[in-house]
Amino acid sequence: MTNTELFKTIFKRKSVRKYAMTPLPPEIFTQIQDYASVAKPLDTSIRYEFYYMGEEDVKGLLAIKAPHYICIFSEKKQGYLMNAGYLLQQIDLYLSANHLGSCWLGMGKLSKNIPSIKDGMEFVIMLAFGKASESVHREKINEFNRKSLSDISTAEGVEELLEPVRLAPSATNSQPWLFSGRRDQIIVCREKLNFIKTALYEKINQIDMGIALYHLMLSLEYYKKTAILDFETTSVPTGQEFIAQVKIGRAKEKRDD
Ligand SMILES: Cc1cc2nc3c(=O)[nH]c(=O)nc-3n(C[C@H](O)[C@H](O)[C@H](O)COP(=O)(O)O)c2cc1C
């Protein structure tokens, strides 16, 4: 699976909520595990682990019923939620690129038989996945229910780079991101939350930002740009919280296709 294939999948992926309950063939399951084992973290200093579960291991009235789930457990450290989003979005796109269904599951809870702490790492979030019993892909961009580019960006000259980020999934489709800056430097921000929303969305929105950053990195790679992520705070528009700045450099010689 190349990053170009993952990039192209962004334009058709969707959350799949109906699954055939037959487990995937072992060889397919192994390929998924192999791919997950080489996923690239946003912050290499954060310890994490993927953990696979079956139907019986997940509870929650609102949880989606699927034959498989992949969870991420992580060390609780600055940036761990974004790191989890960044990592699991690689799996979400990989599954979709392989015509399998997947859905982020913020509502999913571990059943009693699964400890929520493993090796000092805390359960963060899971994705449901398996063979879909509904369509896996969208046919057209207008099937995406998303904010427009002008709603999420004031940056100039980077429309093409940001389109795949605009399409990123987010919890309750809140799309909490805002981009500013220019061609050689994109500033990534997150909408500041009011008191009530903080309680509900503070954690999950950080996962969303990790997802958006992964889409941005895939986009920069596809468009043959170099990117340096810098988490050193800079000034941001009113009402926004700084997440990262991305310094964009000259074209690379080649990408992986
Ligand atoms: C962090 C996160 C948590 C989510 N949790 C749930 C969930 O618990 N249940 C659900 O049905 N969908 C969940 N979703 C899926 C979103 O509702 C979905 O991504 C969004 O509405 C956009 O739709 P799309 O993924 O089909 O493009 C979650 C998505 C993200 C990114």
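Start at the seam between the two domains: in this predicted model, domain 1 and domain 2 bury about 2000 Å² between them. Of that buried area, 79% is on carbon and sulfur atoms. The size of an interface is often given as the accessible area lost when the parts come together.

To see who is who, colour residues 3–130 as domain 1 and residues 145–249 as domain 2, following the domain assignment of the chain. Their C-alpha centres lie 22 Å apart. The contact draws on 23 residues from domain 1 and 24 residues from domain 2.

Now stay on the domain 1 side and show Phe7, Leu81 and Met82 as sticks. Those three lose the most area to domain 2, and together they account for 31% of what the domain 1 side buries.

What about polar links across the seam? You'll find two residue pairs in polar contact between domain 1 and domain 2, while the count of salt bridges between them is zero.

Next, switch to a cartoon view and pick out α1 (3–9), α3 (80–97) and β7 (121–130). Each of these supplies at least two residues of the side of domain 1 that touches domain 2. Which element gives the most to that side? Select α3: its share is nine residues. If you colour the domain 1 side by residue type, you get 13 nonpolar, six polar and four charged residues.

Time to visit the ligand. There are 21 residues around it, and Ser15, Arg17, Gly106, Arg138 and Arg146 come nearest. Zoom in on Ser15, where a polar side-chain atom lies 2.5 Å from an oxygen atom of the ligand. Then turn to Arg13: an N or O atom in its side chain is 2.9 Å from an oxygen atom of the ligand. At Gly106, look at the backbone instead, since an N or O atom there lies 2.9 Å from a nitrogen atom of the ligand.

Move on to helix α5 (residues 159–166) and click on Glu163, which is found there. The side chain of Glu163 makes a polar contact with the side chain of Arg166, at 2.8 Å. Leaving aside neighbours within four places in sequence, what else is Glu163 in contact with? Show Phe11, Ile141 and Leu149, and you have the answer.

For the last stop, think salt bridges. Side chains of opposite charge can pair when their charged atoms come close. A search of the whole structure finds 10 salt bridges. Select Glu191 and Lys147 to see one of them: their side chains meet at 3.5 Å, N to O. Glu191 sits in strand β9 (residues 185–191) and Lys147 in the loop between β7 and α4 (149–152), so this pair ties together parts that are 44 residues apart in sequence.

Methods. Residues numbered from 1 in each chain as written. Predicted model: local features only at pLDDT ≥ 70, side-chain atom pairs only at ≥ 80, totals over all residues. Heavy atoms only, no water. Domains from an automatic or database assignment. Contact = heavy atoms within 4.5 Å. Buried area = accessible area lost by both parts, 1.4 Å probe. Salt bridge = Lys/Arg side-chain N within 4 Å of Asp/Glu carboxyl O. Polar contact = N/O pair within 3.5 Å; in protein donor to acceptor, adjacent residues only side chain to side chain. Helix = DSSP H or I, 4+ residues; strand = E, 2+ residues; numbered from the N terminus. Nonpolar A, V, L, I, M, F, W, Y, C, P; charged D, E, K, R; others polar. Near = heavy atom within 4 Å.
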